[in-house]
Amino acid sequence: MSYGSISKNATLALNAGAKIANFAQNTGEGGLTPYHRKYKADLIFQFGTGYFGCRNKEGDFDAKKFKKIAEDKLVKMIEIKISQGAKPGFGAILPASKNTREISEYRDIEAHTEIHSPAHHSAFSNPNELLKFIKELRDLSSGKPIGIKLCIGLKQEFDEMIKIFSKNKENNFPDFIAVDGAEGGSGAASMDGLHWGGTPLIEALHFVDITLKKYKLRKHIKIIAAGKIISSFDVYKTLAVGADACYSARGMMFALGCVQSLKCNLNTCPTGITTMDTKRVKALVVEDKKYKVANYHKNTIQGLKELLLSMGISDRNGINKTNIVRKISETDIKSYSELYK
């Protein structure tokens, strides 16, 4: 979640909580800011079609600016956002009311203007061009892991992309793929996109996992899951279906005090999370919320350990689909291993 979509204090609280609880913070696509770096938590630098923080005056990718960010010791991985849940196939808008002078400096844009991020990238337009772009980023970042984030739409397109990756002799394919489910929320999304756009997370994870196995790339490419991952069981479920790791945005928003008023794009968030209004931002006290963020993470992981113990599983390698059972009808139940073969 980027600074600009969430406030300075929200960004600081997440960064401090990440440092306390030893997890990584994804910057979102709004650029790298001092608020992401203050408490020195590990960072995943993300950029999208707007190339905020690493763009030129025309809005295209700027290699020199990217290199400066990628060389930061706190940045551990790079993530290219192709699409996201709730807004697959859509671009994005930063309202003029949220585009302050400070945000414009971090994003390399004109302040107090409405900023449109296009629905597609200008640096690449097909899988072969994406491979070349990943190679460029890997070189510029001195070999740091490079990944892509997307919400699955047409399965055929994803299958064709992985097929092309598998034929690349230089192995320039991404180190990881972050799969965002249709559940991936955004209070700034349209209602149709929010409810009907993209493939649900579990089905998408299963498809990505078996497609990578189909083309013999699974051992080379890690999978990160995102999309309404809030509870310990949500974590177990995603790992069982094929994820190697998880993001949690919604859960962290709750930890910050989100009340789901869905005013994320209006600059009127009552809890100080998704607003640039200084008076509202003060309502979010970093020294308080950083511990709530850290405790949420700590207790979720503890809950996962307890789930494993209850099933007689000694470590995460024992996580599997057989232990998850779902009711199909009034009389039938099936395990995930039967549903997602």
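Phe47 makes a good starting point for a walk through this predicted model. Leaving out residues up to four places away in sequence, Phe47 touches Glu29, Cys54, Phe61, Phe66, Ile78, Glu79, Ile80, Lys81, His121, Phe133 and Leu137. Is Phe47 buried or exposed? Its relative accessibility is 0%, so Phe47 counts as buried.

**Aromatic neighbours**

Rings are a recurring theme here, and the structure holds 16 aromatic pairs. In one of them, the rings of Phe45 and Phe47 have planes at 40 degrees, so the pair is tilted. Phe47 and Tyr51 form another tilted pair. The two pairs can be set side by side:

| Aromatic pair | Distance between ring centres | Angle between planes |
|---|---|---|
| Phe45 and Phe47 | 6.2 Å | 40 degrees |
| Phe47 and Tyr51 | 5.8 Å | 40 degrees |

The partners of Phe47 are also shut away from the surface. Phe45 has 0% relative accessibility and therefore counts as buried. Tyr51 is buried too, with a relative accessible area of 0%.

Which residues make up the aromatic cluster that includes Phe47? Phe45, Phe47, Tyr51, Phe61, Phe66, Phe124 and Phe133 form one such cluster. Elsewhere, an aromatic ring meets a charge: the charged end of Arg107 sits over the ring of Phe52, at 4.9 Å from its centre.

**The nonpolar cores**

In soluble globular proteins, nonpolar side chains tend to be buried together. In this model, the largest nonpolar core has 58 residues. Phe45 and Phe47 turn up again here, among the residues with the most contacts inside that core, along with Phe61, Phe66, Ile80, Phe158 and Ile162. Helix α8, residues 201-214, supplies the largest share of this core, seven residues. There is also a second, separate core of 26 residues, and its members include Phe23, Ala41, Ile115 and Ile273.

Helix α8 also carries His206. With 11% relative accessibility, His206 counts as buried. Setting aside neighbours within four places in sequence, His206 is in contact with Val241, Lys321, Tyr340 and Lys341.

**The sheet**

Now for the strands. Seven of them form an open sheet with parallel pairing, in the order β1-β2-β3-β6-β7-β8-β9. At the edges are β1 (25-26) and β9 (245-246), each of which pairs on one side only.

Two pairings in the sheet are worth a look on screen. Strands β2 and β3 pair in the parallel sense over five bridges, and Gln46 stands opposite Glu79 in β3. That same Glu79 is one of the residues that Phe47 touches. Strand β3, residues 75-81, has five of its seven residues buried, so the rest of the structure largely encloses it. Further along, β6 (residues 146-150) and β7 (residues 176-180) pair in the parallel sense over four bridges, with Ile148 opposite Ile177 in β7.

**Helix α1**

Close to the start of the chain comes helix α1, which has 14 residues, 8-21. From its first C-alpha to its last α1 reaches 20 Å, close to the 20 Å expected at 1.5 Å a residue. Just after α1, Asn22 takes a positive phi of about 65 degrees.

How many residues of α1 are buried? The helix is mostly covered, with 10 of its 14 residues buried. They are Asn9, Ala10, Thr11, Leu12, Ala13, Leu14, Asn15, Ala16, Gly17 and Ala18. What covers the buried residues of α1 includes the strands β1 and β2 (43-47) and the helices α2 (34-37), α10 (250-256), α11 (278-281) and α12 (286-310).

Leu12, found in α1, gives a closer view of this packing. Leu12 has 9% relative accessibility and so counts as buried. Apart from residues up to four places away in sequence, Leu12 touches Tyr35, Lys38, Tyr39 and Val286. The C-alpha atoms of Leu12 and Val285 are separated by 9.8 Å, although the two residues are 273 residues apart along the chain.

Technical notes
Residues numbered from 1 in each chain as written. Predicted model: local features only at pLDDT ≥ 70, side-chain atom pairs only at ≥ 80, totals over all residues. Heavy atoms only, no water. Pairing = 2+ DSSP bridges. Expected span 1.5 Å × (residues − 1). Buried < 20%, exposed > 50% of the residue type's maximum accessible area, 1.4 Å probe, protein only. Contact = heavy atoms within 4.5 Å. Phe/Tyr/Trp six-rings, centres within 6.5 Å; stacked < 30°, edge-to-face > 60°. Lys NZ or Arg CZ within 6 Å of the ring centre and 35° of its normal. Core = buried A, V, L, I, M, F, W, Y, C linked by side-chain atoms within 4.5 Å.
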